[in-house]
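Welcome! Please take a moment with the sequence and the 3D view, and then let us walk through the fold together.

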Amino acid sequence: MNEYLCHDFKTPRTDTSRRLSSTFRAIPVIFYVALIGSAYVMTMDYFNYKRALRQKTEAEERKKLSEEQRDAFNSEKSSLESEATKAEKVAQWMEGARNIQPIAVKIARAVQPETRITQVALERSEQVPANLALTIHLNGSQVPNELASIESALGQLLYRSYSPQQTKNGDVVEYHSTLVRQTD
């Protein structure tokens, strides 16, 4: 073989380049410290991510529970409000539905003994309980005077006639009116 091709690597050689300074020896240490630090940060991020997912599902469950409670409270509130509205309507109806016995007594006392009352009908409207539909059938010679005295007697009870109508069938006068309660 040729000596030119064969080299002996075991012989001492002189360095052709300078050695690195001793500060560069810290680079591998810094690399491994950065690697360990990165692994620690990634591990902590992973655990924090898993904890955040648990907290998110817990928050969604609490939100769903609070929404269900809110809906239950709203439905209970709406049912209570509807009951209160019904109660107010009943109270208004009761306030408007005054006793009709004084009206019948006033009508009976306002008529003279010569005039006969053949029929008296007092009907209360469901929509407006304060208003009464009055129908009277009178028989006698002084019926127009009797109707005027009936209206004045009803005025003492704070009722006024609204759209009164009278029709005469022979001796019988049929009187229709709506009694409206006046406010004080």
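What follows is a short tour of the sheet, its helices and the core.

Please keep in mind that this is a predicted model.

**The sheet**

A good place to begin is the open sheet, which is formed by 4 strands in the order β1-β2-β4-β3 with antiparallel pairing. Its edge strands are β1 (116-124) and β3, each of which pairs on one side only. On average, neighbouring strands of this sheet are turned by 15 degrees against each other, direction ignored. In general, the strands of a sheet pair through backbone hydrogen bonds, either parallel or antiparallel.

**The hairpin of β3 and β4**

Now look at strand β3 (residues 159-169) and strand β4 (residues 172-181): they run antiparallel and are joined by 9 bridges. Two of the facing positions are easy to find: Q166 stands opposite Y175 in β4, and T167 stands opposite E174 in β4. The hairpin has 2 residues between the strands, and G170 takes a positive phi near 70 degrees there.

**Helices across the sheet**

Two helices lie across strands of the sheet, and the table sets out their angles to β2.

| Helix | Strands it lies across | Angle to β2 |
|---|---|---|
| α2 | β1, β2, β3 and β4 | about 25 degrees |
| α3 | β2, β3 and β4 | about 150 degrees |

**The core**

Which residues touch the most other members of the largest nonpolar core? They are I103, I107, L134, I150, L154 and L179, out of 17 residues in this core. The elements that give two or more residues to it are α2 (101-110), β2 (132-139), α3 (143-156) and β4. Among these, α3 gives the most, with 5 residues. As a rule, nonpolar side chains in soluble globular proteins tend to be buried together.

L154 is a handy residue to select in the viewer. Leaving aside its neighbours within four places in sequence, L154 is in contact with I103, I107, L134, Y159 and L179.

**A stop at A108**

To finish, turn to A108, which lies in helix α2. Is A108 buried, exposed or partly exposed? A108 counts as partly exposed because its relative accessibility is 48%, which falls between the limits of 20% for buried and 50% for exposed. Along the chain, A108 and V120 are 12 residues apart in sequence, while in space they are 9.6 Å apart, C-alpha to C-alpha.

Conventions
Residues are numbered from 1 along each chain as its sequence is written. This is a predicted model: local features need pLDDT of at least 70, side-chain atom pairs count only at pLDDT 80 or more; totals for chains, interfaces and linings use all residues. Side-chain values use heavy atoms; hydrogens and water are left out. Two strands pair if DSSP finds at least two bridges between them. A nonpolar core is a set of buried Ala, Val, Leu, Ile, Met, Phe, Trp, Tyr and Cys residues joined through side-chain atoms within 4.5 Å. Buried means under 20% relative accessible area, exposed over 50%, partly exposed in between (1.4 Å probe, protein chains only). Contact means heavy atoms within 4.5 Å. Axes are lines fitted to C-alpha atoms, for helices over the stretch in contact, and angles run from 0 to 180 degrees between N-to-C directions.
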